[in-house]
Amino acid sequence: MTTSPQTSLEISESLEQLRALQMGMKIKTSIVKEKPVGIDTIEDYEQFKKLMGEK
């Protein structure tokens, strides 16, 4: 999917999930009790590794 060109809807709404939907893919969701950790930068990743006890 990452090699597919962006769709006009994805661009206008700034949601990459819309590209998958427009390509006919399914997206599943679920409810979790824990707060998910977002990793968007190298700093986020380094913080995540510390949280998980990794070097």
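Visitor: Where is R19 found?

Guide: R19 is found in helix α2. Bear in mind that this is a predicted model.

Visitor: Why is R19 called buried?

Guide: Its relative accessible area is 10%. Buried means under 20%, so R19 with its 10% earns the label.

Visitor: What makes the pairing of R19 with E10 a salt bridge?

Guide: The closest N and O atoms of R19 and E10 are 2.7 Å apart. The rule asks for a side-chain nitrogen of Lys or Arg within 4 Å of a carboxyl oxygen of Asp or Glu, so this pair passes. Both R19 and E10 are buried, too.

Visitor: Why are the side chains of R19 and E10 also listed as a polar contact?

Guide: The distance for that contact is 2.7 Å. A polar contact needs a pair of N or O atoms within 3.5 Å, one able to donate a hydrogen and the other to accept it, so the pair of R19 and E10 counts here as well. The side chain of R19 also has a polar atom 2.6 Å from the backbone oxygen of S4.

Visitor: How many salt bridges are there by this rule?

Guide: The count comes to two. Besides R19 with E10, K49 and E46 meet through their side chains at 3.6 Å, N to O. With the cut-off at 4 Å, the 3.6 Å of K49 and E46 qualifies. Both residues sit in helix α3, three residues apart, or about one turn of the helix.

Visitor: Are K49 and E46 buried or partly exposed?

Guide: One of each. K49 has 14% relative accessibility, so it counts as buried, being under 20%. E46 has 36%, so it counts as partly exposed, which is the label between 20% and 50%.

Visitor: What does α3 look like as a whole, and why is it said to lie largely in the open?

Guide: Of the 10 residues of α3, the number buried is one, so the helix lies largely in the open. Just after α3, G53 takes a positive phi of about 80°.

Visitor: Which residue other than glycine has a positive phi?

Guide: S14 does, with phi near 55°. S14 is in the loop between α1 and α2.

Visitor: Why is S14 called exposed?

Guide: The relative accessible area of S14 is 60%. Exposed means over 50%, so the 60% of S14 settles the matter.

Visitor: What about T7: buried or exposed?

Guide: T7 is buried, with a relative accessible area of 17%, and the cut-off is under 20%. T7 lies in the segment before α1. Leaving aside neighbours within four places in sequence, T7 is in contact with R19 and Q22. The side chains of T7 and Q22 are joined by a polar contact of 2.4 Å.

Visitor: Which residues is L9 in contact with, leaving aside its neighbours within four places in sequence?

Guide: They are L18 and Q22. L9 has its place in helix α1. The C-alpha atoms of L9 and R19 are separated by 7.6 Å, with the two residues 10 apart along the chain. L9 counts as partly exposed because its relative accessibility is 34%, which falls between the 20% and 50% limits.

Visitor: Which residues make the nonpolar surface patch?

Guide: V37, I39, Y45, L51 and M52 make it, and its area is about 480 Å². V37 lies in the loop between α2 and α3.

Visitor: What makes V37 eligible for a patch?

Guide: Patch residues need over 30% relative accessible area and no salt bridge. V37 has 47%, so it clears that area limit. V37 touches F48 and L51, not counting residues up to four places away in sequence. The C-alpha atoms of V37 and Q47 are 9.9 Å apart.

Visitor: How do you know that the protein chain differs from a compact globule?

Guide: A compact globule of 55 residues would have a radius of gyration near 10 Å, but the protein chain has 15 Å. Its C-alpha trace spans about 40 × 25 × 20 Å along the principal axes. Buried residues make up 13% of the 55 residues. The chain has three helices and zero strands.

Note on methods:
Residues are numbered from 1 along each chain as its sequence is written. This is a predicted model: local features need pLDDT of at least 70, side-chain atom pairs count only at pLDDT 80 or more; totals for chains, interfaces and linings use all residues. Side-chain values use heavy atoms; hydrogens and water are left out. Patches are made of residues with over 30% relative accessible area and no salt bridge: like charges are joined within 9 Å, nonpolar side chains (Val, Leu, Ile, Met, Phe, Trp, Tyr) within 5 Å. Accessible areas come from the Shrake-Rupley method with a 1.4 Å probe; for residues, only the protein chains shown count as cover. Buried means under 20% relative accessible area, exposed over 50%, partly exposed in between (1.4 Å probe, protein chains only). Helices (H or I, at least four residues) and strands (E, at least two) are DSSP runs, numbered from the N terminus. Contact means heavy atoms within 4.5 Å. The radius of gyration is taken over C-alpha atoms; the globule rule is 2.2 Å times the number of residues to the power 0.38.
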